[in-house]
Amino acid sequence: MSFVTVRDLFQTYGSRPIIERVNVDVAEGEFISIVGASGCGKSTFLRLLLAQERPTRGEIRIDGAEPAREPGLDRGIVFQRYSVFPHMTVRDNIVAGESFRAGWGRFFGDAARAARDRADETLARIGLDHVADNYPATLSGGMQQRLAIAQALAAKPRVLLLDEPFGALDPGTRLSMHGFLQDLRAETGMTVFMVTHDLEEAFKLGDRVLVFDKPRWDPHDPSRYGATITYDFDARDGGIPFQTLKENIHVPEPH
Ligand SMILES: Nc1ncnc2c1ncn2[C@@H]1O[C@H](COP(=O)(O)OP(=O)(O)OP(=O)(O)O)[C@@H](O)[C@H]1O
């Protein structure tokens, strides 16, 4: 059963086509990695899923309906940087994330206290309880991204959109963030779309890996045509052969 349905999607800026005839069906709970050359429209595709922009042509359906224009209702988004509110404490960032669900309203009195308690529980679960009163700028990159993901999930979205969420992190932190995201996914059953430049990350985390590319190319006018999904790899159970090969590479013990 298709949960997210994309049909004949086109996006053009001025006279410049960016995305051409994108068609894809995604089941609820699937983790979709998106890869492709720089500037080929991956972030544009996420913005269309978020309904931040309307497509030039075509349609997107989430659970049978057009995606709501307000963020945080059924979709949460995390960018490479700057997804959290810098002027709010770590705890208030989580409370703000939850308040999206309440229609951007603010919590008062008992409701505010209860929201802060829930935020503290979340922070304890993601290992950020000791910095609840700090401001995001005082946290490491990995901690800020953990906070950003927890904030996006506080509104309990059914779809999480991630735009190169780990791109600015060092390899060790990136690895622990993979574990963090896999745990959250198992816990929530959410549907995820993640743009990444890291192929290994794409195949490791994704159930499917979509490749965006331009099937038509005019060498005299590179911006004449847009990109579409040229490959849709099944990445479950080890993914494509190179991933299996890589895991099987045996490095002999030194004698
Ligand atoms: N609002 C806009 N108006 C005009 N052009 C835009 C707009 N948004 C994006 N573009 C252009 O569309 C193209 C695709 O941009 P997009 O950010 O979606 O690519 P991307 O694949 O995510 O790139 P990267 O991997 O570098 O982040 C770029 O050439 C960009 O300059």
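This briefing describes two sheets, a helix that lies across strands of both, and the surroundings of a ligand. The structure is a predicted model. One sheet is open and has three strands in the order S2-S1-S4, while another open sheet has six strands in the order S5-S6-S7-S3-S8-S9.

**The three-stranded sheet**
- The pairing in the sheet S2-S1-S4 is antiparallel, and its edge strands, each of which pairs on one side only, are S2 (16-26) and S4 (57-62).
- From one strand to the next, the twist of this sheet averages 20°.
- Strand S1 (residues 4-13) is joined to S2 by seven bridges, and Val4 has Val26 in S2 as its bridge partner.

**The six-stranded sheet**
- The pairing in the sheet S5-S6-S7-S3-S8-S9 is mixed.
- Strands S5 (75-78) and S9 (228-234) stand at the edges with a single partner strand each, so one side of each has no neighbour in the sheet.
- Strand S3 (residues 31-36) and strand S8 (residues 208-213) run parallel and are joined by five bridges, with Val35 opposite Val211 in S8.

**Helix H1**
- Helix H1 lies across S1, S2 and S4, and runs at about 60° to S2.
- Helix H1 also lies across S3, S5, S6 (159-163), S7 (191-195) and S8, and runs at about 150° to S7.

**The ligand shell**
- The residues surrounding the ligand are Tyr13, Ile18, Gly36, Ser38, Gly39, Cys40, Gly41, Lys42, Ser43 and Thr44.
- By class, this shell holds three nonpolar, six polar and one charged residues, and helix H1 (residues 42-49) gives the most to it, with three residues.

Note on methods: Residues are numbered from 1 along each chain as its sequence is written. This is a predicted model: local features need pLDDT of at least 70, side-chain atom pairs count only at pLDDT 80 or more; totals for chains, interfaces and linings use all residues. A residue is near a molecule or strand if its C-beta atom, placed from the backbone, lies within 6 Å of it. Helices (H or I, at least four residues) and strands (E, at least two) are DSSP runs, numbered from the N terminus. Ala, Val, Leu, Ile, Met, Phe, Trp, Tyr, Cys and Pro count as nonpolar, Asp, Glu, Lys and Arg as charged, and the others, Gly among them, as polar. Two strands pair if DSSP finds at least two bridges between them. Axes are lines fitted to C-alpha atoms, for helices over the stretch in contact, and angles run from 0 to 180 degrees between N-to-C directions. Two residues are in contact if their C-beta atoms, placed from the backbone, lie within 7 Å.
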